[in-house]
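Colleague: Please take a close look at a single part of this model, the metal site, and then go on to any aromatic contacts.

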Amino acid sequence: MGVVSVWRIADWDLDVGTSDSGSIYKHQCMSCGQKSSVATTADGPDEWCLRHAERTGHTEFRGTVTTFFRSSLAQGPR
Ligand SMILES: [Zn+2]
């Protein structure tokens, strides 16, 4: 009888993927659902919240940060 399958065990690392894009920030008003523009820092979305609060009186917001990861085979012994 021949070999049915071969399993290779390897260690993998998970790192923040920086080659394509950094984190993405976006905020949303919890009262009306309007959203800030997408930005690569929180500064723009934060400012949008303040302007939105001033204009509408809405004071509750939700911030979302999307971060990208990349897995790769671990290098060297562990
Ligand atoms: Zn609102």
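Modeller: What follows takes the metal site first and the aromatic rings second. This is a predicted model, in which local features need pLDDT of at least 70 and side-chain atom pairs count only at pLDDT 80 or more, while totals for chains, interfaces and linings use all residues. Residues are numbered from 1 along each chain as its sequence is written, and side-chain values use heavy atoms, with hydrogens and water left out.

The zinc ion has as protein donors Cys29 (SG), Cys32 (SG), His52 (NE2) and His58 (ND1), at 2.1 to 2.3 Å. Donors are N, O and S atoms within 2.8 Å of the metal (3.2 Å for Na, K and Ca); water is not among the atoms, so sites may look incomplete. Along the sequence, the donor residues follow the spacing C-x2-C-x19-H-x5-H. The site is tetrahedral, with angles of 106 to 115 degrees among the four donor atoms; for four donors that label requires all angles to lie between 85 and 135 degrees. The ideal angle for four tetrahedral donors is 109.5 degrees.

Cys29 is buried at 2% relative accessible area, whereas Cys32 is partly exposed at 37%. Buried means under 20%, exposed over 50% and partly exposed in between (1.4 Å probe, protein chains only).

As for the rings, the whole structure holds one aromatic pair. Trp48 and Phe61 form this pair, edge-to-face, 5.9 Å centre to centre with 80 degrees between the planes. Trp48 belongs to helix α1 (residues 43-56) and Phe61 to strand β3 (residues 61-66), so the pair ties together parts 13 residues apart in sequence. Rings of Phe, Tyr and Trp (its six-membered ring) pair if their centres lie within 6.5 Å; planes under 30 degrees apart count as stacked, over 60 as edge-to-face and the rest as tilted. Helices (H or I, at least four residues) and strands (E, at least two) are DSSP runs, numbered from the N terminus. Trp48 is buried at 18% relative accessible area, and Phe61 is partly exposed at 26%.

Conventions
Four donors count as tetrahedral if all angles lie between 85 and 135 degrees; four count as square planar and six as octahedral if opposite donors are over 155 degrees apart and all others between 65 and 115; anything else is irregular.
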